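Welcome! Take a moment to look over the sequence and the 3D picture, and then let us walk through them together.

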Amino acid sequence: MALLATTGGETVAVETPATDDGPARRVEYRFFPLGDGALGAIGRIGRATARGIAASPGGGAGDRAAMPEVDPATGLWTRERLLDALAAEWCRAEQREEPLSCLVIRVDGLERVGREEGSDVAEALLKAAAGRIKTLLREHDAVGRYGDDRFLVIAHRCEESGARQLGGRIARE
């Protein structure tokens, strides 16, 4: 996989510990616009250092086990669960030499709706958006809540052109 040169955008690094399946890895991914407010991501995988993993926020495995995996407002995976899945899927895609795409979907105007209509209406809108996004994905893709008004979609075996099409379908809905 190649890291695409982009102008601006958020770069995020996720580190995973060594397992029976392979060494510790560091996944860096950069987001880029797909159009209509959707974003995609391309990443680069490298070996993580034990020092980098030990310094990761959140402490040890016991602390992670106590964290919820499902967001109560949307019924989707939490950001933490989603990033864990992304790191694992990215390693799997690298090993199998398969494409993997990520999209960050933002619900435009959610903050304004919350201010003007109330938090119950904003939460209902967020839940409806989550359900709609989920219906547009393939069975083996994943989606979770990435931020207050954002979702992250992990699209397995999906090239950039497929990610752009998926982003367009989600934006139109």
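## Strands that pair

Two strands count as paired if DSSP finds at least two bridges between them. Strands themselves are DSSP runs of at least two residues, numbered from the N terminus. With that in hand, look at β5 and β6: a hairpin connects them through two residues. Please keep in mind that what you see is a predicted model.

Strand β5 covers residues 142-147, and five bridges link it to β6, with the two strands running antiparallel. One facing pair to look for is Arg145 and Phe151, the latter in β6. Strand β6 also pairs with β4: these two run antiparallel as well, and seven bridges join them. Here you can look for Val104, whose bridge partner in β6 is Leu152.

## The whole chain

How many helices and strands does the protein chain have? There are six helices and six strands. Starting at the N terminus, their order is β-β-β-α-α-α-β-α-α-β-β-α.

The protein chain has 173 residues, and 39% of them are buried. Its accessible surface is about 10000 Å², with 48% of that belonging to carbon and sulfur atoms. Now consider contacts between residues at least 6 apart in sequence: 55% of these join residues at least 24 apart.

## The nonpolar cores

The largest nonpolar core has 21 residues, and those touching the most other members are Ile105, Ile133, Val143, Phe151, Val153, Leu166 and Ile170. Which elements give two or more residues to this core? They are β4 (100-106), α4 (110-117), α5 (119-135), β6 (150-156) and α6 (160-172). The biggest share comes from α5, which gives five residues. There is also a second, separate core of 13 residues, with Ala85, Trp90, Ala93 and Ala142 among them.

Let us return to β6. Six of its seven residues are buried, so this strand is largely enclosed by the rest of the structure. Val153 gives a close-up view of the surroundings: leaving out residues up to four places away in sequence, Val153 touches Ser101, Cys102, Leu103, Ile105, Ile133, Leu137, Ala142, Val143, Leu166 and Ile170.

## A buried arginine

Is Arg145 buried or exposed? Arg145, which sits in strand β5, has a relative accessibility of 17%. Buried means under 20% relative accessible area, so Arg145 counts as buried.

What does its side chain reach? The side chain of Arg145 makes a polar contact with the side chain of Asp71, at 3.2 Å. It also reaches the backbone oxygen of Asp148, at 3.0 Å. Setting aside residues up to four places away in sequence, the residues that Arg145 touches include Asp71, Ala73, Thr74, Trp77, Leu82, Leu126 and Phe151.

## Two unusual backbone angles

Most residues other than glycine have a negative phi. Glu97 has a positive one, near 55°, and is not a glycine. You can find Glu97 in the loop between α3 (79-96) and β4. With a relative accessible area of 74%, Glu97 is exposed.

Arg157 is another case: its phi is positive, at about 45°, although this residue is not a glycine. Arg157 lies in the loop between β6 and α6. Its relative accessibility is 46%, so Arg157 counts as partly exposed.

## Cysteines without a bond

A disulfide is a covalent bond between the sulfur atoms of two cysteines. How many disulfides are counted here? The count is zero.

Why is Cys102 not bonded to Cys158? Cys158 holds the cysteine sulfur closest to that of Cys102, but the distance is 9.7 Å, which is too far for a bond. For comparison, the cut-off for a disulfide is a pair of cysteine sulfur atoms within 2.5 Å. Seen from the other side, Cys158 is in no disulfide either, and its nearest cysteine sulfur is that of Cys102. Cys102 is buried, with a relative accessible area of 1%. Cys158 counts as buried too, at 8% relative accessibility.

Notes:
Residues are numbered from 1 along each chain as its sequence is written. This is a predicted model: local features need pLDDT of at least 70, side-chain atom pairs count only at pLDDT 80 or more; totals for chains, interfaces and linings use all residues. Side-chain values use heavy atoms; hydrogens and water are left out. A nonpolar core is a set of buried Ala, Val, Leu, Ile, Met, Phe, Trp, Tyr and Cys residues joined through side-chain atoms within 4.5 Å. Buried means under 20% relative accessible area, exposed over 50%, partly exposed in between (1.4 Å probe, protein chains only). Helices (H or I, at least four residues) and strands (E, at least two) are DSSP runs, numbered from the N terminus. Contact means heavy atoms within 4.5 Å. A polar contact is a pair of N or O atoms within 3.5 Å; within protein, one must be able to donate a hydrogen and the other to accept it, and residues adjacent in sequence count only if both atoms are side-chain atoms. Accessible areas come from the Shrake-Rupley method with a 1.4 Å probe; for residues, only the protein chains shown count as cover.
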